[in-house]
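Welcome! Let's take a friendly look at the aromatic rings of a protein and see how they meet one another.

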Amino acid sequence: MDSLIHTYVNSKHRIALAAKEEFAKFGFSGARVARIAKRSGLNKQLIFYYFGSKSQLYEAILSRASADLLPVVRSAPGKPPSRRLRDTIANIMSSLDENADLARLLLGDRRDSKSAANLAHRTASDLVATICNVVSEGQGLGYFRDDIDPMSIARNSFALVLGHRALSSLTDEPTSSQESSDQITDWLLRLLAW
């Protein structure tokens, strides 16, 4: 029985890894189940048996990637808001750098999968809300200017992080995520300073 369970888990894991690469590279519309099967070393029928459909497979991959990312970006309470903002931006940046496929999955075309689009939207919204909470807390404690909309700061911060991720994959001049996260946070802190 243990051998059967191990085979099931191993097969699902191989399919998930292959699907994550395929969806990140080609998007939902361009991804092909045949290539996922070939890359995983398993047959298409097994993919449909485990996941039901291409859309459900995509949703499972995006859901897992999102679930892996969100706990990592939470900054420890008790630190000054400026430190928490720096930690939050750095955690998001390094998580996306370590998991480049997730950024592509978040930004990918999901017109054919409404639930995947909703999941990507929720993931982005959760990340933006995490930044917004840190900024709001800092404003409430008097660390940051209170005449700036924290949601606006959070959305623009997330856009800078995703922009860095997208740009670093297009250029030949890679910058470290720590360096970029420090630059983004420095700009934000200057903007938020009294």
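In this predicted model, the count comes to four aromatic pairs, with ring centres within 6.5 Å taken as the rule for a pair. Let's look at some of them, and then at two charged side chains that sit over rings.

**A stacked pair**
- The ring centres of Phe23 and Phe28 are 6.1 Å apart and their planes meet at 10°, so this pair is stacked; the cut-off for stacking is under 30 degrees.
- Phe23 has a relative accessible area of 2%, so Phe23 is buried.
- Phe28 is buried too, with a relative accessible area of 6%.

**An edge-to-face pair**
- How are the rings of Phe23 and Tyr58 arranged, stacked or edge-to-face? They are edge-to-face, with 80° between the planes and 4.7 Å from centre to centre.
- Phe23 belongs to helix H1 (residues 2–30) and Tyr58 to helix H4 (residues 54–73), so this pair ties together parts that are 35 residues apart in sequence.
- Both Phe23 and Tyr58 are buried.

**One cluster**
- Put these contacts together and you get one aromatic cluster, formed by Phe23, Phe28 and Tyr58.

**Charges over rings**
- Which residue lies over the face of Phe51? Here you will find Lys12, at 5.1 Å from the ring centre.
- Arg35 lies over the face of Phe26, and its distance from the ring centre is 4.0 Å.

Notes. Residues numbered from 1 in each chain as written. Predicted model: local features only at pLDDT ≥ 70, side-chain atom pairs only at ≥ 80, totals over all residues. Heavy atoms only, no water. Phe/Tyr/Trp six-rings, centres within 6.5 Å; stacked < 30°, edge-to-face > 60°. Buried < 20%, exposed > 50% of the residue type's maximum accessible area, 1.4 Å probe, protein only. Helix = DSSP H or I, 4+ residues; strand = E, 2+ residues; numbered from the N terminus. Lys NZ or Arg CZ within 6 Å of the ring centre and 35° of its normal.
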